[in-house]
Amino acid sequence: MNLDIMTPPALRRAYETDLREAFPPSELKPLAAMEGMRERGIYEPLRLTEDGGEPVGYMLLWKHPEEPYVLVDYLCVPARLRGRGVGGQLIAMVRQRYPADTVFIGESEAPTGDPAADGIILRRLAFYQRTGAVLLGYDTALFGVHFKTICWAERLPDEGEIMRRHQEIYLRQFAREKYDRFIQIPLLPGEQPRPLSDWTE
């Protein structure tokens, strides 16, 4: 397996195919936003290939500009390859690529209370925990979507520190007015996510 940084054309192909298949429109930010963050040096779109062939997985990382904190923006294994251990291998290889003190923050859709929908959601959370992720004590809501917050780290920092860095990653991208309108970190107990919206607003 080979892990590399996608070129702009490769990112565009991944966005138009596998990422669109894997993520609903409410969770997929515009390609232009990814490209803009990449140009500023805070976004690293990684691709896993098998012997230089077709991609078998992607991890798109949004980096804190000053601290060793990275937000896992998207993790995607094409539908035809799921269930073969590719996702776990991808996470392990990405973690090895970064310094040992790097803290990876993840956001995974929160259970809804609907058994029909929650099966996949709970399986995804269980998968992350099998790869070493810790379920943190605070939730988030982003553009109206409720997420559980997870973390991969060799040494888990104080949760308040993780949350501050999580907030800062978004505050570096959004003006305060937009942040307050669309980003809820943390989503307080009993608080409802704001109405669904998207990055283009």
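**Exercise 1. Is R20 buried, exposed or partly exposed, and which residue forms a salt bridge with R20?**

*Solution.* Start with accessibility: buried means under 20% relative accessible area, exposed over 50%, and partly exposed in between (1.4 Å probe, protein chains only). R20 has 45% relative accessibility, so R20 counts as partly exposed. Next, look for a partner, taking a salt bridge as a side-chain nitrogen of Lys or Arg within 4 Å of a carboxyl oxygen of Asp or Glu. R20 forms one with E16, with the closest N and O atoms 3.0 Å apart. Finally, place the pair: R20 and E16 both lie in helix α1, four residues apart, about one turn of the helix. Helices (H or I, at least four residues) and strands (E, at least two) are DSSP runs, numbered from the N terminus.

A word on the model: it is predicted, so local features need pLDDT of at least 70 and side-chain atom pairs count only at pLDDT 80 or more, while totals for chains, interfaces and linings use all residues. Residues are numbered from 1 along each chain as its sequence is written, and side-chain values use heavy atoms, leaving out hydrogens and water.

**Exercise 2. Which parts does the salt bridge between R12 and E35 tie together?**

*Solution.* First check the distance: the closest N and O atoms of R12 and E35 are 3.4 Å apart. Then locate each residue: R12 lies in helix α1 and E35 in helix α2, so the salt bridge ties together parts that are 23 residues apart in sequence. Last, check accessibility: R12, at 38%, counts as partly exposed, and E35, at 23%, also counts as partly exposed.

**Exercise 3. In what order do the eight strands form the sheet, and which are the edge strands?**

*Solution.* Strands pair if DSSP finds at least two bridges between them. Following the pairs gives an open sheet in the order β1-β2-β3-β4-β5-β7-β6-β8, with mixed pairing. At the edges are β1 (2-5) and β8 (183-187), each pairing on one side only. For one pair inside the order, take β4 (residues 69-76) and β5 (residues 103-109), which pair in the parallel sense over four bridges. One of the bridge partners to find is V103 in β5, which partners Y69.

**Exercise 4. How many residues does the largest nonpolar core have?**

*Solution.* Gather buried Ala, Val, Leu, Ile, Met, Phe, Trp, Tyr and Cys residues joined through side-chain atoms within 4.5 Å. The largest such core has 38 residues, and those with the most contacts inside it include L19, W62 and I183. Helix α1 (residues 8-22) gives the largest share, five residues. A second, separate core of 22 residues includes V56 and L125.
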